[in-house]
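Subject: Structure handover

Hello,

I am passing this structure on to you. Please open it first, then read the notes below.

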Amino acid sequence: MSAELEIDWTRCQGRGLCIELLATDLTSDPWGYPLARRADGHKSGTVILAEEQLEAADEAVKMCPLSALKLRTTARQ
Amino acid sequence: MDELMWSAARTSGMISLLLLTGTLLMGITARSGRAFGGLSRYTQSLLHRSFSLLCVLFVMLHVLTLLADSYAKMQIIDIFVPFLGDYRPFWQGLGTVSFLLMIAIALTGLLRRHLGQRVFRGIHLTAYLMWPIAVAHGLGTGTDAGTLWYRIATVISIALVLAAVIWRLTANYLDHSTTRRLAREGVKL
Amino acid sequence: MSTTSIPKLVLGVLEEPRLLAAGPDASWSQHLDTFGPVPSATGDSQILAQWEASGLSGRGGGSFPTARKIAAVQRSVARTGKAPVLIANGSEGEPLSYKDQMLLTHAPHVVLDGIELTARILGASSSYLVTKAGAHPRLLQAMSERGESSVTLHATDSHFLAGQATAVISSLEGGPSLPRHQPWHLSDFGLGGAPTLLVNVETLAHLALIARYSAHWFRSAGTEEDPGSRMVSIHDAGHYQVHEVHGGSNLSVLLEQLQIPTKDIHAVLVGGFHGQFTRDLDISLSATSDAAQYPATIAVGAGVLEILRFGTCPLERASEIVDYLAQSSAKQCGPCMFGLPTLARDLQAVAQRSNDPALVERIERLGELVTGRGACHHPDATARLASSALHVFDDELQAHLSGQCLHKF
């Protein structure tokens with residue numbers, strides 16, 4: 001089961017906790033905002049996470065100081 | 001028994017003040033979005049939360065032991081309504097005020113996702129008010145407040161918090177503030 | 001209304017007006033004389049079928065098939081049991097666009113008919129007509145002429161993003177006219193949580209006429225890919241004109257018919273500030289872009305065209321537009337708030353003939369950085385416009401990078 005990390009860009013202030021917790025999937029753009037390391041198909045802003053990352057992702061969602069993250073689980077393709 | 005309670009009350013009070021100072025300092029560093037001296041942003045956030053929860057625990061202990069100590073003459077009402085106490089009512093009242101603020105901050109923090117960011121932030125900012133009130137409470141009611149080491153600890157705490165707050169107000173406080181400012185100035189009007 | 005047999009290659013201005021058939025400043029009685037009354041409710045299921053068969057796509061810029069949008073709302077209503085809401089979007093935030101204002105001034109009754117019909121067929125609990133900075137006096141007059149009391153008029157701010165769908169919803173809910181984070185469809189969860197149909201006022205006007213005259217009539221104009229007619233706003237050196245044209249109109253034919261001198265036209269901006277440039281005028285203004293066909297089709301969005309003539313440096317104009325778009329950012333999302341001004345500054349450098357060889361790559365990279373990382377598509381469209389300029393005006397770009405400008409001596 002994989003999941004999509006949904007970012008509310010209107011809340012995100014680029015504090016960077018998620019980038020630390022999901023270092024394999026996210027990096028920082030020049031202004032500190034989370035950038036997906038892999039562009040996923042047509043939507044470069046989408047972050048698809050593998051199952052191993054789900055625990056870290058849950059933590060990122062919980063710890064984001066702006067509550068800017070949500071995890072949307074998708075069924076196994 | 002009273003002696004034990006009194007001693008525990010003083011100790012837990014001082015520990016919670018130290019934890020409160022630690023919480024405030026971690027909160028300010030975390031807000032900057034910067035990693036520091038080996039502490040990742042995540043770690044700072046965790047420490048901020050851990051200190052705050054421990055602080056609440058020690059404040060609870062502080063309040064309970066005071067209630068149990070008959071010499072302290074504290075009533076249950078004094079936990080929720082300030083300035084009614086028999087022993088140094090004003091300074092004890094300050095303790096009540098900071099306790100109430102702490103409960104509000106703790107609850108809104110735990111229920112953040114349900115209450116929304118605005119409510120959470122609004123109440124959270126009162127921490128800047130709560131801290132000096134708690135320090136004043138300690139100085140005013142604390143049996144050990146007169147000792148040299150207590151005074152030294154207080155001065156160091158105030159210095160650290162003051163330095164952190166001043167830093168908080170500088171232009172380059174936030175991580176990436178320089179690149180962001182440069183970016184915004186990019187468009188000529 | 002006649003069936004056109006005009007070959008596709010030479011489609012341009014409509015031979016006879018459709019939306020504006022009742023004439024300028026049409027009164028209620030003139031409107032009724034021209035179009036007749038609103039079809040009665042007994043024909044509603046037929047009307048819905050005609051709307052679907054017409055192939056009408058949105059006239060607000062998105063060009064999404066309107067019948068599909070309506071069907072999505074109906075499905076949502078059936079699933080949730082919540083009454084839907086209709087929003088007619090006439091806020092027209094694009095500064096070069098005048099068609100919605102024209103429509104609301106000269107043919108408000110056609111729009112109001114569309115609102116009435118759509119609201120009725122959807123079973124909408126409320127309808128809103130959103131316009132820029134206060135209702136037009138003619139609109140208020142038109143509403144009182146027909147005794148319309150169920151449509152709520154709402155004024156939005158007049159900045160660029162105020163017409164964006166979620167910005168309109170935000171404004172209607174008492175918030176700022178700024179886009180919101182909304183990962184779900186409005187058809188599922190829109191204004192006040194209700195299934196919402198948000199459509200451009202011109203789209204509603206077309207629905208009103210299709211309901212009277214049929215899908216066959218609608219498709220007697222335009223092309224297979226872009227049936228029917230649309231309104232276009234043409235900007236040429238400070239002059240603005242609005243016309244009803246065939247869908248899929250050939251740009252060069254259109255310009256000729258309108259007697260717009262083409263000899264010194266260097267390029268045209270198609271689709272307004274969120275569109276793209278073209279130097280080839282032998283193209284079809286359509287709902288979508290397809291370079292594979294002949295003539296190539298270019299998505300015309302909300303129908304805005306700007307003419308660029310020799311003597312005006314297109315890179316300078318592109319830079320001006322991107323500056324405006326960067327300033328128009330809602331400044332809610334980091335990548336847009338910081339990325340667009342950075343991109344604008346780099347494009348300014350190109351326009352000012354900087355010889356920095358890394359500029360183009362930086363602009364393209366910034367474009368990728370801001371795309372898909374925001375609450376709305378403003379950064380994506382801005383990046384696309386900049387990229388379009390750099391590709392289409394390749395000659396000018398090379399000249400600029402070596403310190404020259406092909407349009408200035």
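Here is what was found, chain by chain and then at the contacts.

Please bear in mind that this is a predicted model.

Chain C comes first. This chain holds 15 helices and 12 strands. Its radius of gyration is 21 Å, and the globule rule gives 22 Å for 409 residues, so chain C is as compact as a globular protein of that length. The C-alpha trace of chain C spans about 70 × 45 × 40 Å along its principal axes. Of its 409 residues, 53% count as buried. Sequence separation is worth a look too. Take the contacts in chain C between residues at least 6 apart in sequence: 71% of them join residues at least 24 apart.

Next, confidence in chain A. The mean pLDDT is 88, and 87% of the residues of chain A reach 70 or more. Helix α1 (residues 17-21) of chain A has the highest confidence, at a mean of 97. Strand β5 (residues 69-74) of chain A has the lowest, at 88.

Now the contacts between chains. Chain A touches chain C through 12 residues, which meet 15 residues of chain C. On that side, chain A offers four nonpolar, four polar and four charged residues.

Chain A also meets chain B. Here 13 residues of chain B are in contact with 12 residues of chain A. On the chain B side, the elements that give two or more residues are α2 (41-68), α5 (112-115) and α9 (177-184). By class, that side of chain B has two nonpolar, six polar and five charged residues.

Best wishes

Terms used:
Residues numbered from 1 in each chain as written. Chains lettered and ligands numbered in written order. Predicted model: local features only at pLDDT ≥ 70, side-chain atom pairs only at ≥ 80, totals over all residues. pLDDT = per-residue confidence, 0-100. Helix = DSSP H or I, 4+ residues; strand = E, 2+ residues; numbered from the N terminus. Contact = placed C-beta atoms within 7 Å. Nonpolar A, V, L, I, M, F, W, Y, C, P; charged D, E, K, R; others polar. Rg over C-alpha atoms; globule rule 2.2 N^0.38 Å. Buried ≥ 20, exposed ≤ 12 C-beta atoms within 10 Å, placed from the backbone.
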